[in-house]
Amino acid sequence: MVSFEMNDRKKIGLGLTGFGIFFSFLGIVFFFDKGLLAMGNILFISGVSLTIGPKSTMQFFMKRQNFKGTISFGVGFFFVVIGWPILGMILEAYGFIVLFSGFWPTLSVFLQRIPILGWIFQQPFIRSFMDRYRGRRVPV
């Protein structure tokens with residue numbers, strides 16, 4: 001049975017994941033600063049592994065259908081570290097979309113329940129767009 005309780009390890013993991021996203025955003029804003037992008041990647045990956053656990057992280061990244069996303073994300077991280085941040089971020093973005101495409105339906109339901117944003121996401125055009133892609137994965 002999966003435990004949904006929030007212990008200290010998961011709180012720290014969510015914080016690291018949030019800081020990883022924040023540092024990656026800052027790295028993009030500051031014209032693809034490789035230091036901020038690398039810091040964001042390290043914090044994001046360590047945060048995900050702390051949130052869901054090391055075993056689940058390895059199982060997630062090593063699934064057969066996630067190989068393309070895992071390799072793309074890893075090569076993109078390598079390119080960011082060696083000093084090619086634009087190419088690295090393009091590869092990382094593709095890998096992120098492939099890896100986390102199964103979570104988009106859950107995210108859309110969550111966004112529809114936020115008080116102000118929910119009204120926007122429940123408009124007919126946006127809702128039909130989101131319903132069209134609900135349950136689909138990005139073709140690999």
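Tutor: Let's start with a cut-off: helices whose N-to-C directions make an angle over 145 degrees count as roughly antiparallel. Keep in mind that the model in front of you is predicted.

Student: Why are α1 and α2 called roughly antiparallel to each other?

Tutor: Set the value against the cut-off. Helix α1, residues 8–29, packs against α2 at an angle of about 160°. That angle falls in the range over 145 degrees, so the pair is called roughly antiparallel. The axes of the two helices lie 7 Å apart, and α1 passes α2 in a left-handed crossing. Sorted by class, the residues in the contact of α1 with α2 are 16 nonpolar, 11 polar and 2 charged.

Student: What joins α1 to α2, and which residues there have a positive phi without being glycine?

Tutor: A loop lies between α1 and α2, and F31 is in it. F32 sits in the loop between α1 and α2 as well. F31 has a positive phi of about 55° although it is not a glycine, and the phi of F32, also not a glycine, is near 55°.

Student: How do you know whether F31 is buried or exposed?

Tutor: Look at its relative accessible area, which is 77%. Exposed means over 50%, so F31 is exposed.

Student: And what makes F32 partly exposed?

Tutor: F32 has 29% relative accessibility. Buried would need a value under 20% and exposed one over 50%, so F32 lands in between and counts as partly exposed.

Student: Let's move on to α4. How do you know that its length agrees with what is expected?

Tutor: Helix α4 covers residues 67–82, which is 16 residues. Its first and last C-alpha atoms are 22 Å apart, close to the 22 Å expected at 1.5 Å a residue.

Student: What about α5: how does its span compare with the expected one?

Tutor: The 15 residues of α5 should span 21 Å at 1.5 Å a residue. The end C-alpha atoms of α5 are 20 Å apart, so the two values agree.

Student: Which residues of α4 are called buried, and what do they pack against?

Tutor: They are G69, T70, S72, F73, G76, F79 and V80. Each is called buried because its relative accessible area is under 20%. These residues pack against α2 (34–52), α3 (54–61) and α5 (85–99).

Student: V81 is in helix α4 too. Why is V81 called partly exposed?

Tutor: V81 has 46% relative accessibility. That is neither under 20% nor over 50%, so V81 counts as partly exposed. V81 and G35 are 46 residues apart in sequence, yet their C-alpha atoms are 7.9 Å apart in space.

Student: What follows α4?

Tutor: G83 does, and its phi is positive, near 110°.

Student: Which residues of α5 are buried, and what covers them?

Tutor: The buried ones are P85, G88, M89, E92, G95, V98 and L99. Their cover includes α1, α2, α3 and α4.

Student: Now the whole chain. What does its secondary structure consist of?

Tutor: The protein chain has 8 helices and 0 strands, giving the pattern α-α-α-α-α-α-α-α along the sequence. Its C-alpha trace spans about 45 × 35 × 30 Å along the principal axes.

Student: How many of the residues count as buried?

Tutor: Of the 140 residues, 31% do. As for contacts between residues at least 6 apart in sequence, 54% join residues at least 24 apart.

Technical notes: Residues are numbered from 1 along each chain as its sequence is written. This is a predicted model: local features need pLDDT of at least 70, side-chain atom pairs count only at pLDDT 80 or more; totals for chains, interfaces and linings use all residues. Side-chain values use heavy atoms; hydrogens and water are left out. Helices (H or I, at least four residues) and strands (E, at least two) are DSSP runs, numbered from the N terminus. The expected span of a helix is 1.5 Å times one less than its number of residues. Buried means under 20% relative accessible area, exposed over 50%, partly exposed in between (1.4 Å probe, protein chains only). Contact means heavy atoms within 4.5 Å. Axes are lines fitted to C-alpha atoms, for helices over the stretch in contact, and angles run from 0 to 180 degrees between N-to-C directions. A crossing is left-handed if the near helix is turned anticlockwise from the far one by less than a right angle, and right-handed if clockwise. Ala, Val, Leu, Ile, Met, Phe, Trp, Tyr, Cys and Pro count as nonpolar, Asp, Glu, Lys and Arg as charged, and the others, Gly among them, as polar.
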